[in-house]
Every structure is written in structure tokens, then in C-alpha cells.
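Student: I have a model open and would like to understand how its features get their labels. Could you take me through the reasoning?

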Amino acid sequence: GKFLAFWVALEFPLLVHHKELLIIVLLGKRNLAASYFAAFGRRFNMSRIGNLPIPIPSGVSVTTDNNVVKVKGPKGELEQDLIESISLDISEQEIIVKPKDQNRGTRAIQGTMRSLIANMVIGVVTPYSKDLLIEGVGFRAAVKGTEVGLELGYSHPINHPIPEGVSVTVADNVKIHVEGPDKQKVGQLAAEIKNYYPVEPYKGKGVRIVGDYVRRKEGKKSA
């Protein structure tokens, strides 16, 4: 029973939200289910993020070349490879991501490509950023050319490379600001810096991303 319910949810995700049709399918009455869907199919139409147009702000240009989409704006220039089953309809005001066929895989990747391109358009106008905070006696950070240097209580300093297109600044030796037009690069760099010394739950010592939840634990009490 559980396997059947899982298979139906996987193959027919829309049915999970419509109990009557789900019961019909589970009972094996496929003809009745087909008739039911034909009659009430419009109820199952859901807005898909992949179909939403992406507005192009002023000062931003979007072009495609050899299946690569290029977005250029005042804060930088980004590129993204296009999936072969996806095409773009680019006008002066917006971008529409279109699937070349209607199979499930293409429809799924349509939303992903739409999100990636939308993030690029936003990033070249308003860069993404992450702030990190270092807590611990003697812990500090500093930018050294194309690297960020970290002293986190280990026997050796850590020098982490800064990716191209991303800027890092440090204030008060413990406040790290990561910024850039590429959302993935900014988030990845912040996560890599944090992972050198994640915040430990008892004293709160370590590196944390500002805004992230940090679980704290109460230490053992002596008798």
C-alpha cells in the first residue's frame, strides 16, 4: 500500500491534491480516471515558474551565442550554458524561457533555467552578498590580495582563494563581507569560509553566516 501511494505521488503529483481522483486511480479504474481528468482537468493547471517572463531592467543586455546566454549590466557580466532542450525568446523588455518539447525532464529543467537566468539579470544590477561573523579569542581574518587569510586557532593560517568576480572585505578583523553578481559563487565562498570552523554549539566559537540559525546547547553542570 505504501509503495503504491509513493508511486502514484511520484508519477502523478497533481493527484495528491485531489482526493477523489486519487481514489479512482488507486482502485484501478483508469478509464473513469481519464474521463474525470478530461472533464475537470482545468482545475489541475498550476502556474509554473518556468513560464513566467523575466523582465530586463534598463542598462542590462541579454544575448545568446553558441547555446550560451550572456547577461551584461552595470555590476558585471555573467554567462550560462543553455540546455539543448531549452530555447530563449529575448525581446527588449523581457526573456521567455521555452521548452523545445513537453516531456517531464524538459519541463522540470525549464524552471531551473528560468531561475538561473533571472538570478543573473538581478545580479548584474544588484550584486548578491553574504556577511560572516567570526567569534573566538584570537580568531581573525584579513584580505591578502586575491586570498582571504583566516586565523582560527589552528597551528597554521588558512589562505582561501577569492573567485574571479567576487569581492571580499573585512571589518574589525572579524566581520567578512562577500559580494558579487554571481549568486552561486557568493554563496559557495561564504559556505567554504564557514566550513573551516563551523560554530560549535556550547560556547558559540567559530565562523557563522549572519542570518543563519545556529543551534546552541547548554553545557554540563557540575554537581
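Tutor: Gladly! Keep in mind that this is a predicted model. Let's begin with strand E5 (residues 86-90) and strand E6 (residues 94-99), which are antiparallel and joined by five bridges.

Student: What makes E5 and E6 a strand pair?

Tutor: Pairing needs at least two bridges, and E5 and E6 have five. One of the contacts to look for is Ile 90, whose bridge partner in E6 is Ile 95. The connection from E5 to E6 is a hairpin through three residues.

Student: How do you know that E1 pairs with E6?

Tutor: E1 and E6 run antiparallel and are joined by two bridges, and the cut-off is at least two, so they count as a pair. Here Ile 54 stands opposite Ile 95 in E6. The result is an open sheet of three strands in the order E1-E6-E5, with antiparallel pairing.

Student: Why do strand E1 (54-55) and E5 count as edges?

Tutor: Each has a single partner strand, so one side of each has no neighbour in the sheet.

Student: Now the aromatic rings. Why is the pair of Tyr 154 and Tyr 197 called tilted?

Tutor: The structure holds two aromatic pairs. In this one the ring centres are 5.9 Å apart and the planes stand at 40 degrees. Centres must lie within 6.5 Å, and an angle that is neither under 30 nor over 60 degrees counts as tilted, so the label fits. The two residues are 43 residues apart in the chain: Tyr 154 is in the loop between strand E9 (147-151) and strand E10 (158-161), and Tyr 197 is in the loop between helix H5 (183-195) and strand E13 (206-209). Together with Phe 139 they form one aromatic cluster.

Student: Are those two tyrosines buried or partly exposed?

Tutor: One of each. Tyr 197 has 18% relative accessibility, so it counts as buried, because the cut-off is under 20%. Tyr 154, at 41%, counts as partly exposed.

Student: What makes Asp 172 exposed, and what is Asn 173 called?

Tutor: Exposed means over 50%, and Asp 172 reaches 58%, so it qualifies. Asn 173 has 39%, so it counts as partly exposed. Asp 172 sits in the loop between strand E11 (167-171) and strand E12 (175-180), and Asn 173 is found in the loop between E11 and E12 too. Neither is a glycine, yet phi is positive: about 60 degrees for Asp 172 and about 70 degrees for Asn 173.

Student: How do you know that Pro 201 touches Arg 215?

Tutor: Contact means heavy atoms within 4.5 Å, and Pro 201 touches Arg 215, Arg 216 and Lys 217, leaving aside residues up to four places away in sequence. The C-alpha atoms of Pro 201 and Arg 215 are separated by 6.0 Å, with the two residues 14 residues apart along the chain. Pro 201 lies in the loop between H5 and E13 and is partly exposed, with a relative accessible area of 23%.

Student: Which elements give two or more residues to the lining of the second largest pocket?

Tutor: Those are strand E4 (76-81), helix H4 (104-123) and H5. The pocket has a volume of about 230 Å³, and its lining includes Leu 78, Met 120 and Lys 183. The lining residues divide into five nonpolar, three polar and four charged.

How values were computed: Residues numbered from 1 in each chain as written. Predicted model: local features only at pLDDT ≥ 70, side-chain atom pairs only at ≥ 80, totals over all residues. Heavy atoms only, no water. Phe/Tyr/Trp six-rings, centres within 6.5 Å; stacked < 30°, edge-to-face > 60°. Helix = DSSP H or I, 4+ residues; strand = E, 2+ residues; numbered from the N terminus. Buried < 20%, exposed > 50% of the residue type's maximum accessible area, 1.4 Å probe, protein only. 1 Å grid on protein atoms, 1.4 Å probe; cavity = no way out; pocket = protein on both sides within 12 Å on 5 of 7 lines; lining within 4 Å. Points joined across faces, edges and corners; volume = space filled by probe spheres on them. Nonpolar A, V, L, I, M, F, W, Y, C, P; charged D, E, K, R; others polar.
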